[in-house]
Amino acid sequence: MCVIVLPALGGANMTETQANYKETLNLPQTDFPMKANLPQREPEMLARWEQSKLYERIMAARRDAPLFVLHDGPPFANGDVHIGTALNKILKDVVVKFKTMRGFRVPYVPGWDCHGLPIEFKVTQEMRKAGDTASDAVTIRKACEAYAHKYIDIQRKQFKRLGVLGDWDNPYLTLDKGYEADELRLFADMVESGYVYRGQKPIYWCATCRTALAEAEVEYADEVSPSVYVKFAVKGRDKEFAVIWTTTPWTLPANLAIAVKPDLTYVRARTSAGEVWILAEGLVERVAQACGVELVVQQKVPGSELEGLVTRHSFMERDSPIILSPYVTLEQGTGLVHTAPGHGAEDYEIGRKYGLEVLAPVDDGGVFTKEAGRFAGQFVFKANRSIVDHLQVIGALAGRAEVKHSYPHCWRCKNPIIFRAMEQWFVALDHRDLRRRALDEVRKVAWVPKWGQNRIAGMIGQRPDWCISRQRTWGVPIPAFYDAQGQPILDAQIVRGAADLIEKQGSNVWFEKSASDLWTLLKPKDWKDGEAVTKSNDTLDVWIDSGSSSRAVLMRRPELSHGAGPTQREGWQADMYFEGSDQHRGWFQSSLMLSLAGNGVAPFKTVATHGFIVVHVEETGRKQKISKSAGKPANSEGYVKRFGADVLRLWVVSEDYQGDVPLSDEIFERISETYRKVRNTLRILLANIHDFDPAKHAVPHEKLAEIDRWLVSRLQALVADVTDAYESLEFHRVYHLVNAFCAVEISSFYVDVMKDPLYTLAPDSADRRSAQTAIFETVATLAKLIAPVMPFTADEVWGFLPGRETESVHLAKFPAADAGRRDAELEARWERLLIVRRVASLELEKARQAGQIGKSLEAQVEIEPDSGATYGLLKALGPTLEAVLIVSQVRVGQPTGSDLRVKVSRATGVKCVRCWRWTEDVGMDAAHPGLCGRCTDVVKALA
């Protein structure tokens, strides 16, 4: 047992007489260590949790409770747990632990996203380094699967180390046979309903990774590109040119038209060289400056009248007609837009209206094909210079410069990507009003923060059809075939047959068997269409993988079912999704679209999002996002080893996660100090109930001393506020509320004031047991309040709590604010008293600095109250007022009617060697000449 000796009541300067009375004091005692030593102590606690099967016991204890499902968005199974992933997992765990303690059954089924480019990219890179450049698809897939399992095991251990409780032995993995089968069954439903089609449309394409990319796999970064103004000669008009502008000269070989806006005014302007340029009226000055020419307007013409005017491509042997488009703006350029339907979404849409060819003379490696003429064989970005130089030589270049602008890059390899038309599988977002229904569902969902609704609605409203096919090896295969004419065969019956086959043998079977063997196995009995000759080698977009979890997890796992209800929403639908704000265009959107198309309803009721972790960059003075994809792999394990998981978790909740979350060593040092102060507060509270048995010593609330009833009342306020903060997902409020309560109500006031009665009164005195009753409830309540945030520390505190209701705090119920014990009038009285205390403390400090007194117990305070109300309050407290002000004597004078006045003088009498108060009755008992009357009575009773 550790005895805490405080200088106010003992110490090295005690005389022999004082030492004789030390054993009669109720000094605080506890084995709860002052030094947390979290990096060493937490793993020991974690081992005990696992050995005792804490998660399983929590689930058993809540088996009949109402269900709350927070569906885990699966992180990629590659690399160690990143600090941003840890933030996400901790936030979700706080929700799970809080809801569990609030009386819900909250099964937490963690998951991992196992397919896709990040893993295949890493695996094939390692294979090439080892000299293996000719592996077949099955070999690569097996290596990818082994890689994924390796990091699933690593991440599982790291997540558990963060204190995250869950069904870690039975996670969901997108590579599991059952998951892949359910994903394909959902896909089959969409195929059957007509959502899926094969088409040639412009898509994001990474020439480095040689695959199509989803919108969520595209990042934007600054890129320096050539900015060129190009002249297209108007057929039949000598020296007249339509002038276009582009920052992607490599797309010019695919130009098929020039677009103008019908309601804009255009001009024919003459140059000093005698040429006539057609351009928008509002851009004449800007173009003239950019091209270094003088332009004199000759004629104005509405854009609508330019339709049908035919120009000749600058260097390809074909015409380029002028067409009308609503997409043209005056933000930049010339008002005449170079249109290549094979390289742009808007170009593609307007090209369909005019029946233009979808031309994209670029192969999978980003190299021009023969359709690009003289530039065939060149890589598109390297060809920019060649094309510009050629325009200069042939006299078609009106102006050139360089521009720094935001350009799309591949999120994995970080290289610039291209927009390229090619045959792919798509989901039609407007089929069966899917887009409109998705927007309707968005309005029914609760979004935290609320702006998330507008964010995702804007993205859904503007996004093109979803390209769902990938030219990758590591993923769920698209069970499609092609006939002898190359026509695709995608049938719901075939997809369901493939799902059944994959559930038995795994998705490698698609790559192991020939097209003929697969067709024999999967061809429907009543098949009357074309025969399959080849099979598809495409895989599904990984957002299909993770987005199918509504079918593969929520509907499949019985522990996640709410049971049958009058509406579909009351069955399998998750109560909450909680991920980073980037998932508005990722998992939230894919989950919503797939669930609506396949299940008829959104998969979530509430969607919460958090921001990104950022660091301050000294060189730029700006904040920079921390992420694996940005090359900033700040892993959580390093912070856990330095500070402990509870400090890491405390940092997570200390910031308002809805915005950027700052990260620095200075912040962690500050959080560590906050943790230390809260821990010490809990320690001193535990130390003061070392001899308290709540079953024997608890005092009924109505018999508590007034200061103890005040503490209990303030505790109810804290419980109410903290509960509201948790319910509102405003975890930073939990941090500030608990920290302030420990620092202000407890450390700075209650513990300070109560040292005298706690230490010097008889152990069983009514006032001491009253204080211990309030302290016991306070420390037990605080342990529960912090359990979702600091699970290790809370459970450690709980283990030292006498008469605890459950073995672990995580098996306990969250405290409920007791309105019957919340006394607003009492709190108002004590708020007034605290004002008096602050004024008295200032005067005591002045007296100390003047050498009039040393410690405050050497003082006598005379108070002239400001009002009759204050006078009545102070008189009613009696001797308690001396304890509150921590002085030996208090005299209360008559009210001034204006301001509060405090006068300090030396206390009268003699200092008691046991309690250190100055009183007139010290030495009244000859057997105890150094004691006051109160201490004499206590010592005699203990003898």
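This report describes the sheets, helices, nonpolar cores and cysteines of a predicted model.

## Four-stranded sheet

One open sheet has four strands in the order β5-β4-β16-β18, and its pairing is antiparallel. At the edges stand β5 (211-213) and β18 (466-467); each has a single partner strand, so one side of each has no neighbour in the sheet. Strand β4 (residues 196-206) has eight of its 11 residues buried, so β4 is largely enclosed by the rest of the structure.

The register can be followed pair by pair. β4 and β16 run antiparallel and are joined by 10 bridges, with Trp-205 opposite Ile-418 in β16. Three bridges connect β4 with β5, again in the antiparallel sense, and here Cys-206 stands opposite Thr-211 in β5. These two strands, β4 and β5, form a hairpin with four residues between them, and Arg-210 in the turn has a positive phi of about 55°. Strand β16 (residues 418-427) pairs with β18 over two bridges, also antiparallel. In that pairing Val-427 is opposite Trp-466 in β18.

## Three-stranded sheet and helix α27

An open sheet of three strands follows the order β30-β29-β31, and its pairing is mixed. Its edge strands are β30 (889-892) and β31 (901-906), each of which pairs on one side only. On average, neighbouring strands in this sheet are turned by 20° against each other, direction ignored.

Strand β29 (residues 859-864) runs antiparallel to β31, and six bridges join the two. Glu-864 stands opposite Arg-901 in β31. Helix α27 (residues 824-849) lies across β29 and β31 and runs at about 40° to β31.

## Nonpolar cores

In soluble globular proteins, nonpolar side chains tend to be buried together. The largest nonpolar core here has 136 residues; those touching the most other members are Leu-648, Trp-651, Tyr-726, Phe-731, Leu-782, Trp-830 and Leu-885. Helix α24 (residues 731-760) gives the most to this core, contributing 14 residues. Another core, of 73 residues, lies apart from it and includes Leu-429, Leu-434, Trp-527 and Val-601.

Which residues does Leu-885 contact, leaving aside its neighbours within four places in sequence? They are Arg-837, Ala-840, Leu-844, Val-861, Ile-863 and Val-890.

## Helices α4 and α18

Helix α4 (residues 83-101) has 19 residues, which at 1.5 Å a residue should span 27 Å; its end C-alpha atoms are 27 Å apart, in agreement with that value. The helix is mostly covered, with 18 of its 19 residues buried. Just after α4, Gly-103 has a positive phi of about 105°.

Helix α18 (residues 587-599) has 12 of its 13 residues buried, so α18 is largely enclosed by the rest of the structure. The buried residues include the polar and nonpolar positions Trp-587, Phe-588, Gln-589, Ser-590 and Asn-599. Just after α18, Gly-600 takes a positive phi of about 90°.

## Cysteines

A disulfide is a covalent bond between the sulfur atoms of two cysteines. How many disulfides does a search of the whole structure find? The search finds zero. Cys-114 is in no disulfide, and the nearest cysteine sulfur, that of Cys-144, is 11 Å away. Cys-114 is also buried, with a relative accessible area of 0%.

Why is Cys-915 not bonded to Cys-912? The sulfur of Cys-915 is 3.7 Å from that of Cys-912, the closest cysteine sulfur, which is too far for a bond, because a disulfide requires the two sulfur atoms to be within 2.5 Å. Cys-915 is found in the loop between β32 (910-911) and β33 (918-919). Cys-915 is buried, with a relative accessible area of 1%. Cys-915 and Pro-757 are 158 residues apart in sequence, while their C-alpha atoms are 9.5 Å apart in space.

Methods. Residues are numbered from 1 along each chain as its sequence is written. This is a predicted model: local features need pLDDT of at least 70, side-chain atom pairs count only at pLDDT 80 or more; totals for chains, interfaces and linings use all residues. Side-chain values use heavy atoms; hydrogens and water are left out. Buried means under 20% relative accessible area, exposed over 50%, partly exposed in between (1.4 Å probe, protein chains only). The expected span of a helix is 1.5 Å times one less than its number of residues. Two strands pair if DSSP finds at least two bridges between them. Axes are lines fitted to C-alpha atoms, for helices over the stretch in contact, and angles run from 0 to 180 degrees between N-to-C directions. Contact means heavy atoms within 4.5 Å. A nonpolar core is a set of buried Ala, Val, Leu, Ile, Met, Phe, Trp, Tyr and Cys residues joined through side-chain atoms within 4.5 Å.
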